[in-house]
Amino acid sequence: MGIANKLRLSSSSLSRILHRRILYSSAVRSFTTSEGHRPTIVHKQGLDILHDPWFNKGTAFTMTERNRLDLRGLLPPNVMDSEQQIFRFMTDLKRLEEQARDGPSDPNALAKWRILNRLHDRNETMYYKVLINNIEEYAPIVYTPTVGLVCQNYSGLFRRPRGMYFSAEDRGEMMSMVYNWPAEQVDMIVVTDGSRILGLGDLGVHGIGIAVGKLDLYVAAAGINPQRVLPVMIDVGTNNEKLRNDPMYLGLQQRRLEDDDYIDVIDEFMEAVYTRWPHVIVQFEDFQSKWAFKLLQRYRCTYRMFNDDVQGTAGVAIAGLLGAVRAQGRPMIDFPKMKIVVAGAGSAGIGVLNAARKTMARMLGNTETAFDSAQSQFWVVDAQGLITEGRENIDPEAQPFARKTKEMERQGLKEGATLVEVVREVKPDVLLGLSAVGGLFSKEVLEAMKGSTSTRPAIFAMSNPTKNAECTPQDAFSILGENMIFASGSPFKNVEFGNGHVGHCNQGNNMYLFPGIGLGTLLSGAPIVSDGMLQAASECLAAYMSEEEVLEGIIYPPISRIRDITKRIAAAVIKEAIEEDLVEGYREMDAREIQKLDEEGLMEYVENNMWNPEYPTLVYKDD
């Protein structure tokens with residue numbers, strides 16, 4: 001029996017799922033399985049078409065289309081194909097990168113973001129074609145680390161609204177507000193309340209930038225149709241005093257709502273979006289820890305939703321940890337033997353701990369003894385030091401990982417022991433950082449890791465953005481030498497040792513997983529995102545690299561392979577949904593047809609439903 005079948009659903013949750021299943025089975029399925037292979041009906045002509053980024057092709061409009069859409073004379077006469085357009089854009093981008101900077105304090109990355117954003121405003125198809133074709137170069141621009149800089153400066157960068165804003169002032173109005181969005185169908189929503197953007201803290205309404213960036217990757221990596229994605233900001237105020245006092249700030253200039261007032265706003269939003277779009281998937285992003293877990297538990301058995309910080313980060317970390325086991329020449333089944341010190345007990349840290357414990361326990365047989373055994377492999381250090389049962393007012397989410405006081409005394413440790421002391425005494429196989437404290441893995445901490453009992457110790461400095469990374473790869477390799485594994489949340493360059501050897505800087509980026517999780521959930525029609533589906537995604541990523549690559553210290557694939565990675569992960573998620581009897585069908589593919597697909601058929605099914613940025617033929621129809 002799959003894990004989802006073991007979930008205890010309340011009667012209201014069960015009735016909601018059954019109601020949505022009825023809605024799904026009665027829905028009119030008027031879509032093709034392969035995106036973009038039929039003409040698109042438009043109800044506008046002339047300049048209106050050129051000013052609409054969804055339909056604008058610029059100089060790529062054929063002469064037939066120019067005649068049909070009243071575009072003759074509004075464009076230069078030379079018709080260009082999309083490849084010629086991209087060449088022109090890339091030439092201009094290289095020339096304008098420096099010129100677009102707003103003075104010496106404006107980083108080059110922000111200039112690139114500005115140029116790409118202008119293209120997005122003009123021509124959406126070309127924007128995604130450029131992004132997909134250059135994903136390794138531009139993923140760090142539209143996503144981490146540059147998106148953090150964008151969010152910090154959002155009021156000054158805001159030019160054109162993208163997405164929807166729901167605020168505390170909109171209580172009682174959200175059910176009607178959702179109909180202001182023009183798309184009749186929305187497949188993916190990324191929502192944030194701006195309370196914990198990356199490691200930058202409370203950025204209030206500026207957090208919309210993270211939702212926009214994530215959905216760009218859903219389009220580029222998973223082939224979600226850009227006309228069916230929706231970035232959302234829920235503005236419940238901000239506790240960032242600097243923003244509240246800034247006359248240029250675009251959000252509510254009041255303190256954040258708390259307790260039931262806060263919950264009421266999120267409840268109303270969820271009810272509204274699922275009323276209009278019953279099959280939508282909602283990804284929660286960058287909610288502060290105290291709400292991240294609470295909202296996940298509140299909605300996960302009722303809605304198709306997941307929290308990327310808790311579950312996505314955990315999945316990527318697990319894949320990396322399993323890769324670290326393989327890099328030692330051992331089978332992944334040896335994972336439960338690893339000793340792991342975790343620095344950070346926020347939503348990401350606890351999410352990784354829970355996922356790692358479940359993975360270890362499953363490998364050990366999923367018994368109560370297995371869970372106890374798995375739990376003993378972790379030592380958690382937060383801002384107050386080592387967490388033990390002697391801690392007063394311990395966070396309930398961290399409680400299961402608190403070490404027994406007497407056991408720690410035997411190891412020469414006590415409540416609140418420093419990270420250096422813990423590493424020195426435990427001699428862990430892995431030091432995992434999810435603290436958002438830049439430089440936390442100091443020279444002293446890394447020196448202590450030299451005592452690791454592992455034949456190939458691993459350092460995971462996973463905090464974002466780059467300035468919050470616990471250490472750099474240069475720091476780690478210079479102290480621990482070549483025979484180690486390094487992974488980070490932000491991109492770093494590989495370390496050259498000067499002897500022909502390379503220290504690989506693996507980026508444990510959430511973009512490896514969340515697009516595939518979202519796409520697989522969408523195409524399966526599963527009413528929830530189960531633990532089993534998340535586990536399948538993580539294990540698929542862990543197994544993606546070849547033995548030769550892993551033994552070289554490469555535990556994550558290059559971003560350039562992201563479309564292929566996402567396709568495989570989506571197929572793995574659908575396969576798990578089939579095993580858990582969660583499949584309900586998608587468009588004209590009913591559950592029974594999906595259940596009959598073999599692995600090759602699943603891959604083909606996924607690929608056929610991934611949108612590609614090709615210009616459709618436009619046909620005008622008068623309203």
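This briefing walks through the annotated sites of the structure above, then a pair of packed helices and one loop residue. Keep in mind that you're looking at a predicted model. UniProt lists a "binding site" at Glu 285, Asp 286 and Asp 309, and it places an "active site" at Tyr 143 and Lys 214. As you'll see, the two sets touch: Lys 214 is in contact with Glu 285.

**The binding site residues**

- Glu 285, Asp 286 and Asp 309 are the positions that UniProt gives for this feature. They are spread over 25 residues of sequence, but they cluster in space, with a largest C-alpha distance of 6.5 Å.
- Where does Glu 285 sit? Look in the loop that runs between strand S5 (281-284) and helix H14 (289-299).
- Glu 285 has a relative accessible area of 2%, so it counts as buried, the cut-off being under 20%.
- Who are the contacts of Glu 285, once neighbours within four places in sequence are left aside? They are Val 190, Val 191, Thr 192, Asp 193, Ile 210, Lys 214, Asp 308 and Asp 309.
- Asp 309 belongs to helix H15, which covers residues 308-327.
- Asp 309 is buried as well, because its relative accessible area is 6%.
- Skip the residues up to four places away in sequence, and Asp 309 touches Arg 196, Phe 284, Glu 285, Asp 286, Phe 287, Ser 347 and Ala 348. So both of the other binding site residues turn up among the contacts of Asp 309.
- There's a neat detail here too: the side chain of Asp 309 reaches the backbone nitrogen of Asp 286 at 2.5 Å.

**The active site residues**

- Tyr 143 and Lys 214 carry this label in the UniProt record. They span 72 residues in sequence, yet their C-alpha atoms are no more than 6.7 Å apart, so they gather at one spot.
- To find Tyr 143, go to the loop between helix H7 (135-142) and helix H8 (146-152).
- Buried or exposed? Tyr 143 is buried, because its relative accessibility is 5%.
- Beyond residues up to four places away in sequence, Tyr 143 touches Lys 214, Leu 217, Asn 509, Asn 510, Met 511 and Phe 514.
- Lys 214 is part of helix H11 (residues 208-222), and its relative accessibility of 1% makes it buried.
- Lys 214 touches Tyr 143, Val 190, Gln 283, Glu 285, Asp 308, Asn 510 and Phe 514, again not counting residues up to four places away in sequence.

**Two helices that pack together**

- Helix H13 (residues 259-276) packs against H14 at an angle of about 45 degrees, and the axes are 12 Å apart.
- Why is this pair called oblique? Angles under 35 degrees would count as roughly parallel and 65 to 115 as roughly perpendicular, so about 45 degrees lands in the oblique group.
- The crossing of H13 past H14 is right-handed.
- On the H13 side, the residues that meet the partner helix are Asp 259, Tyr 262, Ile 263, Ile 266, Asp 267 and Met 270. On the H14 side, they are Trp 291, Leu 295, Arg 298 and Tyr 299.

**A loop residue elsewhere in the chain**

- Glu 584 lies in the loop between helix H25 (562-579) and helix H26 (591-595).
- Glu 584 has 17% relative accessibility, so it still counts as buried under the 20% cut-off.
- Glu 584 and Lys 404 are 180 residues apart along the chain, and their C-alpha atoms are separated by 45 Å.

Technical notes:
Residues numbered from 1 in each chain as written. Predicted model: local features only at pLDDT ≥ 70, side-chain atom pairs only at ≥ 80, totals over all residues. Heavy atoms only, no water. UniProt positions renumbered as here; feature names shortened; annotations may be inferred. Helix = DSSP H or I, 4+ residues; strand = E, 2+ residues; numbered from the N terminus. Buried < 20%, exposed > 50% of the residue type's maximum accessible area, 1.4 Å probe, protein only. Contact = heavy atoms within 4.5 Å. Polar contact = N/O pair within 3.5 Å; in protein donor to acceptor, adjacent residues only side chain to side chain. Axes fitted to C-alpha atoms, helices over the stretch in contact; angles between N-to-C directions. Left-handed = near helix turned anticlockwise from the far one by under 90°.
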